[in-house]
Amino acid sequence: MEDPIVRIKNMSKAFPTGESEFLALKNVNLDFGKGEFTGIVGPSGSGKTTLLNVIGSLDTPTSGEVEVLGLEVSQLSQKGSSELRSRHLGFIFQTYNLLPVYDVYENVEFPLLLLKMAPNERRKAVMDALEWVGLTDKAQSRPAQLSGGQCQRVAIARAMVKKPTLVLADEPTANLDTENSLHILDTMQKINAALSTSFIFATHDQKVINYLHRVIKLIDGKVVSDDTQTGA
Amino acid sequence: MILKLALRNIIGNGWRSLINVAVIAIVLIGLIWGEGMWYSWLTLAKNQQREWEYGGGILRAKSYDPFDAFTWENGYAPVPAEAQSYVRGGRIVPILYSPGMIYPQGRMMNALVKGIPENQKVLSFPSTALNAADSSYVPAIIGREMAKTSRLQEGEVFTLRLKDSTGAFNSLDLQVSKVMDCPVPSLDIGTVWIDLAALRKVKLLPDAATVLVLKDASLTAIKAPLFRYIDPREFFADLNQMVKTKVSGQSLPFGMLILLAMLAVFDTQALAIFKRRKEIGMLSALGMTKGQIIRLFTSEGALYMVAASVCAVVLGFPLYWYFAVKGFALPQGYQSFGVAGFNEPLKFHYPLLVILGTLIFLFLLTVFVSWLPARKIARLRPTEALRGK
C-alpha cells in the first residue's frame, strides 16, 4: 500500500484489571490507505473499539507503533492529539453524542469553531454538510426533535463538515432500524466516493459489513483475517 | 464559543440553574443591603458628630484625658493668645468641662458639666437656649437620655455643686431651659450644659477651655502648645471600630449564606461533570483540549454568578430604593452604646466601590468553586468518558 494514512506495527494494548492485566489487542499489524471504506468486525470484546480509540488518538498503545497521518500517537502531547482530532479526524458514535442544547446547525458548526474558521466559510461548510446528509430543512431543530436516524445523520454531518482525512465510526448503525441504517451507509459511501475520505468502522452489523470494501476480523484482540470485498 | 456553550448549558439546565441563580441572588441582595446599611449608618453618625461635636476639628487640652476621670477636674488650659481673635470672631468655640454633682429633686447624681458659649454658631448644638436674659437661674440644657435618668423636665430647677480651681466647693442653681434631642449620645448621657461664662465664673477660670472646636481645619495651624489636635482618624476611631465589630458580627450569617450559595454551585458542577461524562468524551473526540473543557465547566459556574448579580441588581432595586427613600429606623436601644446615628430613620446610600468589590470577590470565589470539581476532567480518560464511566 502506498503512503498509508494509518500504520500500525506490532501494537498491543493492555488494560489493568486489579493486579493482572487484560490484553485487549495483541500484536496488531495493519495499514489503512487514503479513501478506504474499511470495517473492523468481530464479536463484542474483541477489541474493535479499543483499536478505533487508539487510531483516533483517544488512547495510546501499550507497546508497538501507531502512526496516524505521519504522527506517532504515543508521542503526541495532549494538545497534539487534540489538534490531530480537531483537524484531521471525524468521529461517529453509536449514541450520536450530539449537544442537546445546540440546534442541528450549531452541532454541525461546532468542530469548525474549534478550528477558528471564518464565519462565512463556516456557514457554507455547515450548509454543505447538511445538504450531504439531507437535513438542510432541520437546521434549526434541536436533537430532541429528531428521530434516531436523523440524529445519526447530524453526527455524520458534524464528522464530515471539516472534511477530515479519516472518519472513525463506532457501531454507527447499532441504534437504527434497517431503513435508517441503509440510508446512513449510502450517505457515508457517497461522501467516501466524492471526497476520498477514509472511513474505518467498528461493527458487527451485517448490513454495514455488506457495504465495506475491506473487512478486518478481530477475535480476542488478534487480527484473524483481512479481506478485500469486491462488489460492495 | 466556550461562553456560548456554557450559557446554553446553564439555560438548558432549567430549574437547577434557576435555583442556583436565585440562591446566589438572595445572598447578594442581602450583602448589598447590609453594606448599604453599615455604610449609611457610619456616614450619618460621622456627619452628626461633625455637626454637633467635632466641627472642622478639635484642639483638646493636653491635661485632659477622656478615658481617665481623675484628669477631668484639672483638664483644661488657657485659650491661647493666637486663638483669642478667632474665638471673638466665632470661628473657634471654647468648651470647658468640669465634673460635678447635681441634686435633682433632692437626689444626688454625678454629672459632667460642660460650658459652651451661648452665641456659638460652629456646632448645631442649641446653645441659644442658654441665654440667661429671662431667667433668674442659670439656664441648663440636658439631653433626652439625661432627662430620663435624672427625671428632670424643662423648667425644673436643680442644684449643681462643683469644685472651683482653688479646690473649694461652689454651687449654682440651674434651671432646665431645654431638653434637647441630641443625636450624639456622648453629648447627652450624664451631661449638663451651661453657658461657658457661667461655668468659668463658678470655676474661677476666666479664660480656660478643655476643648477648642474649630470651624474649619485651616485653624489647626494656630499655636496652642497646651492643646493637642485630634485628627478625624483619632476622633472617629471608636466609631469606626464599632462599625467594624458590628460588620464582623454580621458577616457570620452572611458568610454562612455565601457558603450555602457556593455549595450549591459546587454541587451542581460536580453533578454536571458526573452526569455529562459522555459529553466530555465527545468534546474531547471533537478536538477540544482538556483545558478548554475545564474552562467550559468553570465558565458555567461563573455565569451563575453573573446571572445572579444581574438579578440582585434588577430584582433587588425596589428594596434598595425603598430603604434609600423611606429609610430604616434603627433600634433606639443602640443609643445606650454612646454612638451617634440612631435618632432618625437611616436613609441608605450604597457604596458603589465596596459593592463592586464584593461582587468581584464573589465572582472570583464562584470561579474557584466551579473550577474545583472541573479539575477532575484533567484526570478523565476520553475513552472512559465516552463510555460514561
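Visitor: Which residue has a side-chain polar atom lying 2.8 Å from the backbone nitrogen of Glu106(A)?

Guide: The side chain in question also reaches the backbone nitrogen of Tyr105(A), at 3.2 Å. Both are polar contacts (pairs of N or O atoms within 3.5 Å, where one must be able to donate a hydrogen and the other to accept it, and residues adjacent in sequence count only if both atoms are side-chain atoms). The residue lies in the loop between β6 (89–92) and α3 of chain A, and the partner of the backbone nitrogen of Glu106(A) is Asp103(A).

Visitor: From what pLDDT do side-chain atom pairs count in this model?

Guide: Residues are numbered from 1 along each chain as its sequence is written, chains are lettered from A and ligands numbered from 1 in the order in which they are written, and side-chain values use heavy atoms, with hydrogens and water left out. This is a predicted model in which totals for chains, interfaces and linings use all residues, local features need pLDDT of at least 70, and side-chain atom pairs count only at pLDDT 80 or more.

Visitor: Which side chain of opposite charge is nearest to Asp103(A)?

Guide: Lys and Arg count as positive and Asp and Glu as negative, whereas His and the chain ends are not counted. Asp103(A) touches Ala139(A), Gln140(A) and Ser141(A), among others, by contact (heavy atoms within 4.5 Å). Asp103(A) is buried (under 20% relative accessible area, with exposed over 50% and partly exposed in between, for a 1.4 Å probe and protein chains only). Asp103(A) has no salt bridge (a side-chain nitrogen of Lys or Arg within 4 Å of a carboxyl oxygen of Asp or Glu), and the nearest side chain of opposite charge, 5.6 Å away, is that of Arg142(A).

Visitor: Which residue of chain B meets Glu106(A) in a salt bridge?

Guide: The side chains of the two partners are 3.3 Å apart, N to O. The pair crosses between chains, from helix α3 (residues 104–114) of chain A to helix α1 (residues 2–12) of chain B, where helices (H or I, at least four residues) and strands (E, at least two) are DSSP runs numbered from the N terminus. Glu106(A) counts as buried at 8% relative accessibility, while the partner is partly exposed at 34%; that partner is Lys4(B).

Visitor: How many residues apart in sequence are the parts that Arg214(A) and Asp226(A) tie together?

Guide: Arg214(A) and Asp226(A) form a salt bridge whose closest N and O atoms are 2.8 Å apart. Because Arg214(A) lies in strand β9 (residues 214–219) of chain A and Asp226(A) in strand β10 (residues 222–228) of chain A, the pair ties together parts separated in sequence by 12 residues.

Visitor: What is the relative accessible area of Arg87(A)?

Guide: Arg87(A) forms a salt bridge with Glu83(A), with closest N and O atoms 3.0 Å apart. Both lie in helix α2 (residues 78–88) of chain A, four residues apart, about one turn of the helix. Glu83(A) is partly exposed at 40%, and Arg87(A) is partly exposed, its relative accessible area being 40%.

Visitor: Is Ser57(A) buried or exposed?

Guide: Ser57(A) sits in the loop between α1 (48–55) and β4 (63–68) of chain A. Although it is not a glycine, Ser57(A) has a positive phi of about 55 degrees. With a relative accessible area of 7%, Ser57(A) is buried.

Methods:
Lists of a residue's contacts leave out its neighbours within four places in sequence.
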